[in-house]
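Colleague: I would like a close look at a single part of this model before I go back to the bench. Please keep it brisk, and take me outward from there.

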Amino acid sequence: MADFEPLAAKSLRREPLTRDELLSVLTSTDDELLDLVAAASRPRTRYFGRTVKLNYLVNLKSGLCPEDCGYCSQRLGSSADIVTYTWLKPEETRDAVAGGVRAGAARVCLVASGRGPTDRDIRRLAPTIEKIKADHPGVEVCACLGLLSDGQADELRRAGADAYNHNLNTSGERYADICSTHTFDDRVDTVSKAKQAGLSPCSGLIAGMGESEGDIADALLALRELDPDSVPVNFLIPFEGTPLAGRWDLTPQHCLRILSAARLLFPDTEVRLAAGREVHLRSLQALALYVVNSIFLGDYLTSEGQAGKADLEMIRDAGFTVLGAGPEQEDGGGERPDLVRARRRGAGTDLPPNA
């Protein structure tokens, strides 16, 4: 059995793990899983306690993207059955944001499909960001608009944006296998532009695209070089109508190993459990909370997530609290008559059993 405690101790000292150490985590066995989660939970608890930060996505512009990212349901040539629309009206965006904030979100993520924003797009969005910050001064605003041109990150910062998300997604060596319309270096450049402008850098990966464990390790190490403030870990949602349809390479245990590797490499960085958690972690979602300190609440860009109420119940049932929640939101006790159901099927009835 592997001993993960030396890796936890190293992480607690904020010493980066080596590639070989990351591979030892990623290739560990299912029999070692609980020991690994326990080790990864140590830096999580040290730096974030028992809190879970909620993030809420607002898809400002859906589908019809000219880029050919193989994992994306919004890509050029996608026949995925998703909702498509052009830019939301400012009041629609503000209403959507308000709903997420009421549910407990500490950060709202404003996302738009496309290669990157035009200067006109930035000017269109800036007043909306300003109004969101005025209406919800304690809430972080993260923009995710694609590749940035010179000066655009500065404009977003002046409008009041706090952060910018642009994921590296996979290793530099493998990037051309999943996208041909832009490069890995283009993505690195955009994260750097955002950071230089004073926006909090948010960058992560997508697992389950046919990559090797070495690719995951290399992607994590490349992210470490960028020194992001938050690292979202996504798991492929294999939409029919995309090149990666039918890829079901992940198991719940594998997902937990990837999350643990991210946590051990980023001990005091926000590690966010992002898209695909319901699809691939399934009943082990709550166990992941012992590793990550942040999740998306509700739906994603083009796919539906677990109901927000179920997310909040999962957090409470696992013994965690929502970051910034008041006492009334933290209370997980009380009566739950909805969970008590008299049996009306099976033995002694005319209905088949629940089996």
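In which sense do E3 and strand E4 (residues 163-165) pair, and over how many bridges? Start there, then show me what surrounds E3.

Modeller: A caution to begin with: this is a predicted model. E3 and E4 pair in the parallel sense, over two bridges. One residue match helps you find the place: Cys 142 has Ala 163 of E4 as its bridge partner. The link between these strands is helical. E3, helix H6 (residues 152-159) and E4 form a β-α-β unit, and that unit is right-handed.

Now E3 itself. It covers residues 140-144, and four of its five residues are buried. Strand E2 (residues 107-112) is joined to E3 by five bridges, and E2 and E3 run parallel. Two pairs let you line them up. Arg 107 stands opposite Glu 140 of E3. Leu 110 has Ala 143 of E3 as its bridge partner. Here too a helix makes the connection. E2, helix H5 (residues 119-135) and E3 make up a β-α-β unit, again right-handed.

Next, E2. How many of the six residues of E2 are buried? Six of the six are, so E2 is largely enclosed by the rest of the structure. Look at its two faces. Arg 107, Cys 109 and Val 111 are buried on one side. Val 108, Leu 110 and Ala 112 are buried on the other. Both faces are therefore covered, in keeping with a strand that has six of its six residues buried.

E2 also pairs with strand E1 (51-61). Six bridges join E1 to E2, and the two run parallel. Tyr 56 stands opposite Val 108 of E2. The chain passes from E1 through helix H4 (residues 90-102) to E2, in a right-handed β-α-β crossover.

Thr 84 sits in the loop between E1 and H4. It counts as partly exposed, because its relative accessibility is 43%. Beyond its close sequence neighbours, Thr 84 is in contact with Ser 62, Gly 63 and Leu 64. Thr 84 and Leu 34 are 50 residues apart in sequence, and their C-alpha atoms are 42 Å apart in space.

Return to Arg 107 of E2. Ser 200 is in contact with it, and also with Asp 162, Ala 163, Tyr 164 and Asp 229, leaving aside neighbours within four places in sequence. Ala 163 is the E4 residue already met as the bridge partner of Cys 142. Ser 200 belongs to strand E5 (residues 200-202). Is Ser 200 buried or exposed? It counts as buried, because its relative accessibility is 17% and the cut-off is under 20%.

On the E1 side, helix H3 (residues 33-48) comes in. Its buried residues pack against E1, and also against helices H1 (5-12), H2 (19-26), H10 (252-265) and H12 (285-288) and strand E8 (270-273). Among those buried residues are Leu 36, Val 37, Ala 40, Arg 44 and Phe 48. H3 has 16 residues and reaches 22 Å from first C-alpha to last, close to the 22 Å expected. It bends by about 25 degrees at Ser 41, and Pro 43 follows within four residues. Just after H3, Gly 49 has a positive phi of about 60 degrees.

H10 brings us to the nonpolar cores. Nonpolar side chains tend to be buried together in soluble globular proteins. The largest core here has 65 residues, and Tyr 71, Leu 220, Phe 235, Leu 259 and Leu 289 have the most contacts inside it. H10 gives the most to this core, with eight residues. A second, separate core has 25 residues, including Ala 126, Val 139, Val 141 and Ala 153. Back in the model, Leu 259 is in contact with Val 233, Phe 235, Leu 273, Leu 281, Ala 288, Val 291 and Val 292, leaving aside neighbours within four places in sequence.

Leu 220 is also one of the buried residues of helix H9, alongside others including Ile 216, Ala 217 and Leu 223. The buried residues of H9 pack against H2, helix H8 (184-196), strand E6 (205-207), strand E7 (230-235) and H10. Asp 227 follows H9, with a positive phi near 55 degrees.

Methods. Residues are numbered from 1 along each chain as its sequence is written. This is a predicted model: local features need pLDDT of at least 70, side-chain atom pairs count only at pLDDT 80 or more; totals for chains, interfaces and linings use all residues. Side-chain values use heavy atoms; hydrogens and water are left out. The expected span of a helix is 1.5 Å times one less than its number of residues. The bend at a residue is the angle between axes fitted to the seven residues ending there and the seven starting there. Buried means under 20% relative accessible area, exposed over 50%, partly exposed in between (1.4 Å probe, protein chains only). Contact means heavy atoms within 4.5 Å. Two strands pair if DSSP finds at least two bridges between them. A crossover is right-handed if, with the strands pointing away from the viewer, the path from the first strand over the helix to the second runs clockwise. A nonpolar core is a set of buried Ala, Val, Leu, Ile, Met, Phe, Trp, Tyr and Cys residues joined through side-chain atoms within 4.5 Å.
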